[in-house]
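Q: Please take a close look at one part of this model. Start from a single histidine and its surroundings, then work outward to the charged pairs and the chain as a whole.

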Amino acid sequence: MTASADPITDNPLLAETGLPRFDRIRPEHVEPALRSTLDAQRAAIAEAERVERPDIEWLARLERIHDEVRRVWGPVSHLNAVVSTPPLRDAYNAGLALVTEFNTEVGQNEALYARFLELERTLPAERRVERELVAQALRDFRLSGVALKGRDRERFREIMQRLAALQAKFEQNLMDATDAFEHHETRPDALAGLPEQVLSRARAKAAEKGVEGYVLTLDPPTYLAVMNHARSAALRERYYEAWVTRASDRGPSAGKWDNGPLIAEILTLRHESARLLGFRNYAELSLATKMAGSPDEVIGFLRDLARRSKPFAERDLGELTAHAGRRLEPWDVAYYSERLREQRFALSDDELRPYFPLPKVLGGLFGLVERLFGLEIAERPAAGTWHPAVAYYEIRRRDDGGPIGGLYTDLYARPQKRGGAWMDSCFDRARLPGLARDPVAYLVCNFSPPGEDTPSLLTHDEVVTLFHEFGHTLHHLLTEVGYPSLAGINGVAWDAVELPSQFLENYAWRPEVLKSISGHHETGEPLPDEKIERLNGSRTFMERLATVRQLEFALFDFLLHVADEPPDLARTYALLDDVRREVAVIRPPEYNRFPSTFSHIFGGGYAAGYYSYKWAEVLAADAFAAFEEAGVLDPETAGRFRREILAVGGSRPALEAFVAFRGRPPELDALLRQSGMSEPAAA
Ligand SMILES: [Zn+2]
């Protein structure tokens with residue numbers, strides 16, 4: 001540790017070869033690395049502006065420029081999500097301002113835009129990938145305000161800066177509020193029903209803090225365990241209240257990390273930016289990069305599904321209420337669903353969990369995709385990662401051993417780590433002059449960490465989550481596109497991005513797959529046939545309740561962004577109430593502050609795009625139906641799926657790719673069947 005290290009030559013963020021050295025990256029490396037990279041890329045852009053006849057080599061040089069920035073910024077942004085210490089967070093926030101400024105500046109560069117227009121005119125029609133790349137680049141120039149002049153152009157830049165900072169702050173508030181909550185309990189009977197895995201972590205946490213009994217946190221596995229299994233309604237209510245009031249003006253940390261004011265400002269600025277670009281509202285702007293054609297098409301799609309599913313959801317809730325023998329509060333629904341599922345299918349989370357030790361599930365999942373796509377996945381020593389729980393894998397072709405890419409896994413919940421599960425790109429695939437690089441992915445989840453002498457044991461829901469994220473991972477790794485901007489999930493219409501992920505989820509229900517991903521952690525016995533049958537019997541159980549919840553989120557998000565005037569906070573809540581009256585069957589209490597926790601749309605990239613999950617689920621169910629018709633392990637179908645959908649990344653419009661795979665446009669039937677809604681609800 002030398003204090004006098006040169007900020008440029010000794011900067012791990014600037015290493016040009018090999019995997020990032022996450023262990024060596026310090027907050028103080030971020031700004032010098034970014035500044036020197038952005039300066040160099042500005043000079044490269046100035047040179048590109050002067051080229052009179054832009055051609056394919058010119059296009060590749062531009063790709064290198066974007067790639068350089070991503071190569072330096074990517075690891076910082078990743079670390080900020082998985083080890084968000086206060087100094088790193090400060091460095092991230094400062095870096096985010098620099099990167100946002102750079103992106104807007106490039107997006108508004110008229111000389112560069114003119115070169116792209118020139119290239120569009122001269123590119124031969126058969127260069128389809130390059131033509132798509134240029135078309136997307138031109139679109140992105142327009143969406144960055146390249147046509148804006150004077151004060152409007154300035155204002156647009158200000159808005160981009162402020163929005164980036166607000167969205168980052170939204171995530172950070174949510175993370176801090178989640179980490180701050182603790183529930184201390186000394187009476188074991190108050191925790192009755194909780195799985196041993198959760199209790200032993202709570203005991204360890206209490207011991208670590210030097211207090212009696214149990215300390216429970218609000219990480220996702222603990223929260224879900226309490227909602228599904230805690231017998232005490234008081235404990236469930238306390239957890240429910242803590243969860244739905246995080247980062248708000250209510251609940252246990254009321255006002256401390258309040259996202260409320262951020263919501264109103266984010267909506268106002270998004271609306272203003274959309275109007276500056278000539279759109280009526282932000283929803284229209286959002287659809288400029290998506291498969292859906294118009295706001296009406298999205299709203300119509302959501303309302304149609306809501307109309308179909310609500311009667312089923314009401315019926316499901318009716319059964320649940322009858323089973324509980326009383327009116328259900330929001331914190332009772334998951335608990336009684338579990339009890340009814342136990343009674344009806346003789347199946348409980350706790351009974352399945354021992355069969356799904358994480359290493360076994362992961363090994364089985366690798367085996368499945370190795371077989372489907374002719375791969376070999378092998379663990380390699382992970383040098384220089386960000387946490388001891390991280391593993392690294394190499395993916396190769398089975399036939400000739402040729403390299404495909406790499407994968408980091410970081411699967412356990414811990415403080416200072418963003419909640420949820422996601423796949424992100426560490427490296428995009430590149431085949432450019434001077435740069436041949438294979439893709440590398442991050443696969444991040446928040447499962448319960450292993451105990452002292454037990455592995456991490458997953459619920460079946462968590463198994464499905466792992467398959468989902470692995471679907472994204474395959475999309476990222478199996479791409480054959482050589483331009484980073486169109487490789488893997490890059491450049492794919494956002495409402496089609498969830499196709500491979502939701503597609504792969506289906507395998508987590510197949511008997512032949514369940515056999516190979518399960519093995520009792522004490523006996524090694526795979527999940528018995530009768531449990532597999534009961535699990536599948538319960539697949540659509542209460543599925544419609546989950547569907548109307550997803551539709552509630554999706555419709556709320558979309559209507560928020562389609563309004564002609566951006567709603568203030570009061571109007572935001574009122575809109576959510578309206579949507580709930582229309583779609584939901586469970587009415588939350590007045591203190592519920594769901595919008596303050598809705599990081600998909602206020603922190604991440606799903607604004608006016610949350611509908612994408614349902615939209616892509618139609619594609620995913622219909623694509624999987626092709627496998628059901630041919631055999632779910634059919635190599636020819638898998639090969640076609642890989643070739644037409646996974647390999648092409650963003651180089652071909654999503655609908656075109658789907659039709660090439662399926663032989664026809666997507667149909668809704670498969671999804672309705674899969675969700676148990678193909679028969680009328682009244683029957
Ligand atoms: Zn996803």
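**A histidine in a loop, and what lies beyond**

A: His520 sits in the loop between helix H18 (511-517) and helix H19 (529-537). The model is predicted. Is His520 buried or exposed? Its relative accessibility is 15%, so His520 counts as buried, the cut-off being under 20%. Which residues does His520 touch, leaving aside neighbours within four places in sequence? They are Pro354, Tyr355 and Glu525.

Stay with helix H19 for a moment. Met542 lies in the loop between H19 and helix H20 (543-562). Met542 has a positive phi of about 60 degrees, although it is not a glycine. Most residues other than glycine have a negative phi. Met542 is at 9% relative accessibility and therefore counts as buried.

Gln416 also has a positive phi, of about 65 degrees, and is not a glycine. Its place is the loop between strand S5 (403-412) and strand S6 (422-427). Gln416 has a relative accessible area of 31%, so it is partly exposed.

Now the charged pairs. Side chains of opposite charge can pair when their charged atoms come close. The salt bridge count comes to 59.

Take Arg42 as an entry point. Arg42 lies in helix H1. What does Arg42 contact, leaving aside neighbours within four places in sequence? The contacts are Glu101, Phe102 and Glu105. With Glu105, the side chain of Arg42 meets in a salt bridge, at 2.7 Å from N to O. This pair links distant parts of the chain: Glu105 belongs to helix H3 (residues 86-107), Arg42 to helix H1 (residues 27-49), and their positions lie 63 residues apart in sequence. Arg42 has a relative accessible area of 26%, so it counts as partly exposed. Glu105 is partly exposed, at 26% relative accessibility. One further distance places Arg42: its C-alpha atom is 15 Å from that of Trp58, and these two residues are 16 apart along the chain.

A second pair joins two other helices. Arg344 forms a salt bridge with Glu319, and the closest N and O atoms are 2.9 Å apart. Arg344 lies in helix H13 (residues 330-345) and Glu319 in helix H12 (residues 295-324), so the pair ties together parts that are 25 residues apart in sequence. Arg344 has a relative accessible area of 45% and is partly exposed. Glu319 is at 29% relative accessibility, which also counts as partly exposed. Beyond single pairs, there is a network: salt bridges that share partners join Asp622, Glu629, Arg662, Arg664 and Glu667.

A third pair is Arg21 with Asp23. In this salt bridge the closest N and O atoms are 2.8 Å apart. Arg21 is partly exposed at 35% relative accessibility. Asp23 is partly exposed at 30%.

For a buried position, turn to Ile159. Its place is in helix H6 (residues 150-180). How accessible is Ile159? The relative accessible area is 0%, so Ile159 is buried. Not counting residues up to four places away in sequence, Ile159 touches Leu269, Glu272, Ser273 and Leu276. Ile266 gives a distance check: the C-alpha atoms of Ile159 and Ile266 are separated by 9.5 Å, with their positions 107 residues apart along the chain.

Now step back to the whole chain. Its secondary structure comes to 26 helices and nine strands. Why call the chain as compact as a globular protein of its length? The radius of gyration is 25 Å, close to the 26 Å that the globule rule gives for 683 residues. Along its principal axes the C-alpha trace spans about 75 × 60 × 55 Å.

Burial and contacts fill in the picture. Buried residues make up 56% of the 683 residues. Take contacts between residues at least 6 apart in sequence: 74% of them join residues at least 24 apart.

Last, surface and charge. The chain exposes about 27900 Å², and carbon and sulfur atoms supply 50% of that area. The chain has 84 positive and 104 negative charges, and the mean positions of these two sets are 1 Å apart.

Key. Residues numbered from 1 in each chain as written. Predicted model: local features only at pLDDT ≥ 70, side-chain atom pairs only at ≥ 80, totals over all residues. Heavy atoms only, no water. Helix = DSSP H or I, 4+ residues; strand = E, 2+ residues; numbered from the N terminus. Rg over C-alpha atoms; globule rule 2.2 N^0.38 Å. Buried < 20%, exposed > 50% of the residue type's maximum accessible area, 1.4 Å probe, protein only. Contact = heavy atoms within 4.5 Å. Areas by Shrake-Rupley, 256 points an atom, 1.4 Å probe, with all protein chains shown as cover. Lys, Arg positive; Asp, Glu negative; His and termini not counted. Charge placed at Lys NZ, Arg CZ, Asp CG, Glu CD. Salt bridge = Lys/Arg side-chain N within 4 Å of Asp/Glu carboxyl O.
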